[in-house]
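Hi,

Here is the structure I promised to pass on to you. Have a look at it first, and my notes follow just below.

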Amino acid sequence: MSNSLNIVVTGASKGIGFDLTKNLLSLGHRVFAISRNIDSLVQLKNQYFQLEAIQLDVTQDLSPIIGALQGLKIDHLINNAGYLVNKGIVDLTDQDILKQFEVNAIAPLRIIRELLPYFQLGGSICNITSMGGVQGTAKFPGLLAYSSSKGALSILTECLAEELSDHKIRCNALALGAVQTEMLEAAFPDYKAPFSSSEMAEYITTFVLETSRFYNGKVLPVSVSTP
């Protein structure tokens, strides 16, 4: 495919990230799919030769992805990896708090910093945040640390748009409402979300490849609820 793009996706082994990876591959793009567990990605590679499955904990050493990108340029980075613990403040351990901030906010910052030399001019970053991380939206018990960490990612997105303007790299965030994923089911077993992971992945695919060029520094709500 002559217009094939190089796209990095974190949290790519299941849920939205896995469906997003499949969508991008089916369109002929080269995907660098990052996850701690790559079993599902290895199976997917049997179908798509242009898939690069990279086993990596986004909170740890990033050299595996840097090595895979040598000699290449990134068109899009999608920071999708997330971690959620449903606990009230009294029950939250230090580890619960730290891990949610490390995965949801610090890891995207580190990844962007380290991959910056590999971006194409005119490239884009899409951070997957949450409606809970947007000021003035409904908040829920048990999601204090998660929503706060996603709030940090939302502000990080706005700051990065300014930081990266000289590099001609756009940075936006999609603040997702509830999506039926394994992470949501583990935290809220009895809740049924209005969208499946495949439906949300379709939306994100279109945004990244087509409509994101109309935005920069924006945190865009993707939710059917108000506020």
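Let me start with a cysteine: Cys159 is partly exposed, with a relative accessible area of 43%. Please keep in mind that this is a predicted model, and that every value here is computed from it.

Cysteines

How many disulfides are there? The count comes to zero. Cysteine 126 is in no disulfide, and the nearest cysteine sulfur, in cysteine 171, is 8.5 Å away. For cysteine 159 the closest cysteine sulfur is also that of cysteine 171, at 9.8 Å, which is too far for a bond. With a cut-off of 2.5 Å between sulfur atoms, neither distance qualifies. The surroundings of the two residues can be set side by side: cysteine 126 counts as buried at 2% relative accessibility, whereas cysteine 159 is partly exposed.

Nonpolar cores

The largest nonpolar core has 27 residues, and Val9, Ile78, Leu174, Leu176 and Ile204 touch the most other members. Several elements each supply at least two residues of this core, among them strands β1 (6–10) and β6 (170–176) and helices α1 (15–26) and α7 (197–209). There is also a second, separate core of 26 residues, which includes Phe32, Val58, Leu77 and Ile112.

Two of the well-connected residues deserve a closer look. Leucine 174 touches Cys126, so the cysteine described above is one of its contacts. Its other contacts beyond four places in sequence include Ile128, Tyr203, Ile204, Phe207, Leu220 and Val222.

Isoleucine 204 is in helix α7 and is buried, with a relative accessible area of 0%. Leaving aside neighbours within four places in sequence, isoleucine 204 is in contact with Ile16, Leu20, Ile128, Leu174 and Leu176. Arginine 36 lies 168 residues from isoleucine 204 in sequence, and the two C-alpha atoms are 22 Å apart.

Helix α5

Helix α5 covers residues 144–163, 20 residues in total. From first C-alpha to last it reaches 28 Å, close to the 28 Å expected at 1.5 Å a residue. Which residues of α5 are buried? They are Ala145, Tyr146, Ser147, Ser149, Lys150, Gly151, Leu153, Ser154, Leu156, Thr157, Leu160 and Ala161.

Rings

The count of aromatic pairs comes to one. In addition, the charged end of lysine 99 sits over the ring of tyrosine 83, 4.4 Å from the ring centre.

Happy to talk any of this through.

Best wishes

Terms used
Residues are numbered from 1 along each chain as its sequence is written. This is a predicted model: local features need pLDDT of at least 70, side-chain atom pairs count only at pLDDT 80 or more; totals for chains, interfaces and linings use all residues. Side-chain values use heavy atoms; hydrogens and water are left out. Rings of Phe, Tyr and Trp (its six-membered ring) pair if their centres lie within 6.5 Å; planes under 30 degrees apart count as stacked, over 60 as edge-to-face and the rest as tilted. A charge sits over a ring if NZ of Lys or CZ of Arg is within 6 Å of the ring centre and within 35 degrees of the ring normal. Helices (H or I, at least four residues) and strands (E, at least two) are DSSP runs, numbered from the N terminus. The expected span of a helix is 1.5 Å times one less than its number of residues. Buried means under 20% relative accessible area, exposed over 50%, partly exposed in between (1.4 Å probe, protein chains only). A nonpolar core is a set of buried Ala, Val, Leu, Ile, Met, Phe, Trp, Tyr and Cys residues joined through side-chain atoms within 4.5 Å. Contact means heavy atoms within 4.5 Å.
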